[in-house]
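Good morning, colleagues. Please take a moment to look at the structure on the screen, and I shall then take you through its sheet and some of its helices.

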Protein chains: 2
Amino acid sequence: MTDLSTDTAPTGCSIIAGAEVRGPGAAFQARVPGSGEPTGPTFGTVSSDQLDEAVRAAREAAADVIDPLAVSTLLGAIADRLEQAGEQILPLADAETALGTTRLTGELARTVGQFRMMARAAGEATRRDHVIDPEGDALTEPALLRTTVPLGVVAVFAASNFPLAFGVAGTDTSAALAGGCPVVAKAHPAQPGTAEMVGRIMTSAVADVGLHPGWISIVHEQGHELGAALVQHQGVDAVAFTGSLRGGRALFDLAAQRPRPIPVYAEMGSLNPVVISPGAAAARGQALADGIAGSFLLGEGQFCTKPGLILLPADDAGAAIRRSLIGKVTERSPAHPLLYDGITRGFGAGLDAVSDVPGVAVHRSPAGDGSRAAVVVAPVDTLLEHRALREEVFGPVTVLVDVDQAQLPAVLDALDPSLTGTLHFEPDEATWATGLADRLARKVGRVIAGGFPTGVRVSPAQHHGGPYPATTAPLHTSVGLAAIDRFRRPVAFQSFDDAALPNWVPRG
Amino acid sequence: MTDLSTDTAPTGCSIIAGAEVRGPGAAFQARVPGSGEPTGPTFGTVSSDQLDEAVRAAREAAADVIDPLAVSTLLGAIADRLEQAGEQILPLADAETALGTTRLTGELARTVGQFRMMARAAGEATRRDHVIDPEGDALTEPALLRTTVPLGVVAVFAASNFPLAFGVAGTDTSAALAGGCPVVAKAHPAQPGTAEMVGRIMTSAVADVGLHPGWISIVHEQGHELGAALVQHQGVDAVAFTGSLRGGRALFDLAAQRPRPIPVYAEMGSLNPVVISPGAAAARGQALADGIAGSFLLGEGQFCTKPGLILLPADDAGAAIRRSLIGKVTERSPAHPLLYDGITRGFGAGLDAVSDVPGVAVHRSPAGDGSRAAVVVAPVDTLLEHRALREEVFGPVTVLVDVDQAQLPAVLDALDPSLTGTLHFEPDEATWATGLADRLARKVGRVIAGGFPTGVRVSPAQHHGGPYPATTAPLHTSVGLAAIDRFRRPVAFQSFDDAALPNWVPRG
């Protein structure tokens with residue numbers, strides 16, 4: 001096995017079952033956001049054989065005795081190493097994303113925290129959903145003990161907007177490992193250096209803990225062909241993805257068309273409507289305008305939870321919020337560039353589609369080197385008539401619509417499901433809030449009172465998901481403790497004495 | 001609304017949102033198993049408009065305030081009415097299935113028991129998976145409360161082999177209702193009269209409890225077109241199916257190809273291998289032969305858990321079991337007819353495919369009016385080479401194979417996943433059992449020690465499922481309390497005071 005030092009810079013390699021491997025396919029380099037200048041080494045797209053080898057090794061790892069404690073130790077070791085490797089990781093991630101050291105430092109801490117939470121959970125993985133029903137009186141009532149087992153090999157597709165927390169060492173990888181599933185992760189081609197470094201760190205932890213090297217592989221590809229082959233690979237048992245609706249749906253379709261279909265847990269972003277009550281607008285309009293701007297412009301709007309639609313009361317207080325938001329955007333200096341070419345193009349195309357809708361007004365921040373944010377003002381009838389206004393545009397834009405209170409329920413009903421829905425209201429408007437919260441709960445994964453959707457707490461009570469098109473798996477979350485559940489399936493043991501049970505099955 | 005009396009015989013109607021409706025499409029009648037004589041009234045296939053109306057009414061019902069207690073009351077009322085209606089239901093079911101009153105009486109009791117268990121669970125539905133994480137110290141740690149909400153409208157496809165327990169009032173319907181989801185159930189065309197009667201009973205319970213009539217509709221169709229339209233209907237949110245691999249996969253594919261894909265919970269049967277240890281064969285060969293015969297011939301092998309492959313030790317004791325099973329089948333009188341034409345044809349075709357494999361010996365019970373059972377003896381190499389021997393043949397047949405102990409792991413690895421895997425062993429063979437149980441647990445939903453796979457206890461600890469091709473949803477069970485989980489999805493409330501929470505959200 002190659003020595004995968006974490007002290008040297010990335011070399012442009014994939015890491016397959018503990019070994020550095022150069023992909024012989026299409027070569028590519030990361031580019032500095034904004035300038036487009038190449039940065040870091042040249043990476044090579046892996047070959048089909050290399051992909052096979054990664055999956056084969058992962059299957060071999062999965063065939064080992066299931067030992068939740070070993071997995072827990074691995075997750076803890078990864079957390080420790082990531083925490084200690086800030087000096088190696090952060091400059092790489094900043095060069096490839098321009099997200100800045102402050103944001104990336106926070107994101108690294110979150111990533112480390114995710115692994116620590118999962119390390120604790122992994123030790124209890126077979127205990128979760130553990131149910132015992134002793135033998136009953138009737139012959140038809142044998143003793144049953146239900147526990148869970150790992151689903152198998154998981155293909156993880158890293159997202160670009162959180163190079164660490166949703167990257168190759170992100171929430172999906174930590175949850176799959178915690179569930180006892182080896183991971184073959186496809187790096188995002190915009191951040192290959194960060195992925196290689198993080199991959200080295202995880203791989204060295206696998207080696208030190210003494211687990212099979214097939215537990216973690218990191219593969220690079222420019223394009224989609226190998227990613228598609230990974231989803232179709234007969235040795236893969238589940239797919240986790242964070243990214244666009246188009247990308248997630250493509251993987252979902254491939255997985256559903258397999259001879260043996262497998263689950264695809266795709267988290268695909270959404271519109272994330274925010275509703276402001278008349279009382280809230282009147283009582284704290286300026287604070288709300290500040291909060292809305294802070295949320296939809298955070299990270300240049302490159303969050304799946306970015307609020308893309310603000311429903312304002314059709315009154316003077318609502319108009320004041322609208323004016324304030326228009327002012328904030330038109331007076332804003334051009335800010336950070338968007339993450340990479342593809343997002344810049346997607347943002348441009350999405351904003352064009354919105355701008356083409358008759359009757360909308362688009363207010364943009366001035367031209368310059370960085371990202372140009374936008375606020376779109378649309379009448380409510382136009383929102384209801386034109387689907388373009390109700391679809392996510394990934395990037396720094398939000399749509400403002402004045403809505404009569406009586407029309408609010410119909411407007412919410414017209415929206416596609418989202419990851420989140422947010423309500424701002426005053427204490428004396430609880431009835432307003434209750435009714436709309438009830439409505440939102442039927443179509444979103446998280447309902448927020450008096451806050452903003454960006455920022456997803458990593459918690460056992462979190463649900464970062466929602467009905468399609470927010471995700472392809474409405475029963476599951478990609479953030480928080482329950483993210484593990486995606487990667488384990490139940491198995492019941494009938495009439496087993498303790499002596500005959502496999503040693504990984506919790507007794508009693 | 002039509003008065004849906006349960007005192008009269010079936011009239012050949014579908015029941016759509018509380019009203020008796022004649023389908024204008026292809027007409028059909030149930031047929032007496034064996035003789036093929038028509039029985040009961042003529043049923044008409046529903047129209048596309050009638051199907052739309054059923055789904056529209058179900059959506060209206062789903063839009064009502066979510067009240068788990070009302071649903072619980074409904075489930076209890078259905079249980080009471082079914083229990084009291086044995087005199088109406090059992091003769092109808094026996095005429096359409098020839099399963100006999102003893103079996104059907106037991107099945108009705110099980111069906112009633114399922115509704116009672118679900119009635120208790122429904123009252124606690126929003127409490128299940130209820131997790132609270134209070135506000136933390138950091139700004140990024142808002143209070144979270146996670147609960148679950150109904151998935152929406154569920155399409156249920158009734159199975160033929162359990163006309164009651166997996167029929168239109170079967171485990172899927174009871175679980176969907178308990179989860180707060182209105183049901184549009186498609187009756188099995190072999191048992192339309194039973195479905196109409198059971199539908200009347202459920203519908204009258206909906207009316208008496210005062211719920212929206214859209215909660216339950218029962219539609220009839222000869223063929224598959226309307227069933228396909230139901231799965232593709234934009235108003236349907238999930239599908240539950242019990243039946244063949246071909247049928248389940250077809251529905252899965254339709255659901256995956258929708259603009260908005262929806263979950264399909266298809267339970268599709270399987271091979272259900274049984275492994276006999278050398279010690280068990282030596283100690284109680286005759287009892288094992290009796291047990292195996294009892295299990296694979298039960299209900300003429302028309303169970304998704306029928307043991308279709310018996311792996312015997314390659315020794316004298318194993319040979320004695322084989323001889324005993326061959327004797328039992330060749331000396332057996334022709335028994336009950338199979339349930340309907342389609343199953344008879346499928347059994348014939350499946351047995352032909354197995355018989356065509358070179359080197360197998362097929363032993364059949366004598367020709368006569370009823371079903372002809374079969375035992376197939378195959379060498380282990382033939383089993384490994386020919387997929388036909390490793391596939392489920394629905395009906396009274398099982399395959400016997402002598403296996404060297406050293407070869408057992410490889411043989412188990414060569415099998416597709418199943419609902420169940422069974423081990424028979426002696427107390428001093430715990431190591432043998434542990435190793436094979438570990439292996440089976442990786443590819444089946446239920447591992448059984450010293451019993452037989454037919455008979456599925458309805459229990460909170462049950463898991464009636466397994467990886468594909470046993471089911472399309474490996475994380476879920478179709479029997480037992482956890483069957484409800486298929487029909488609810490999580491939702492998190494962030495920073496909500498009790499006053500603003502919808503009233504159906506459990507506090508604290």
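Let me begin with the sheet. In this predicted model, 10 strands form an open sheet with mixed pairing, in the order β14(A)-β15(A)-β16(A)-β13(A)-β12(A)-β17(A)-β18(A)-β19(B)-β6(B)-β5(B). At its edges are β14 of chain A, residues 361-364, and β5 of chain B, residues 131-133, each of which pairs on one side only. On average, neighbouring strands of this sheet are turned by 20° against each other, with direction ignored.

As a reminder, the strands of a sheet pair through backbone hydrogen bonds, either parallel or antiparallel. Within chain A, strand β13 (residues 309-313) and strand β16 (residues 397-403) pair in the parallel sense, over 5 bridges. A:Ile310, for instance, has A:Leu400 in β16(A) as its bridge partner.

Which helix lies across these strands of chain A? Helix α10 of chain A, residues 316-330, lies across β12, β13, β14, β15 and β16 of that chain, and runs at about 145° to β15(A).

I turn now to a pair of helices. The axes of α4 (residues 101-122) and α5 (residues 171-178), both of chain A, come within 9 Å and cross at roughly 15°. Angles under 35 degrees count as roughly parallel, so α4(A) is roughly parallel to α5(A). Their crossing is right-handed.

From α4(A), the residues A:Gln114, A:Phe115, A:Met118 and A:Ala122 meet A:Thr171, A:Ser174, A:Ala175, A:Leu177 and A:Ala178 of α5(A). By class, this contact has 6 nonpolar and 3 polar residues, and no charged ones.

Thank you for your attention.

Notes. Residues numbered from 1 in each chain as written. Chains lettered and ligands numbered in written order. Predicted model: local features only at pLDDT ≥ 70, side-chain atom pairs only at ≥ 80, totals over all residues. Heavy atoms only, no water. Axes fitted to C-alpha atoms, helices over the stretch in contact; angles between N-to-C directions. Helix = DSSP H or I, 4+ residues; strand = E, 2+ residues; numbered from the N terminus. Parallel < 35°, antiparallel > 145°, perpendicular 65-115°, else oblique. Left-handed = near helix turned anticlockwise from the far one by under 90°. Contact = heavy atoms within 4.5 Å. Nonpolar A, V, L, I, M, F, W, Y, C, P; charged D, E, K, R; others polar. Pairing = 2+ DSSP bridges.
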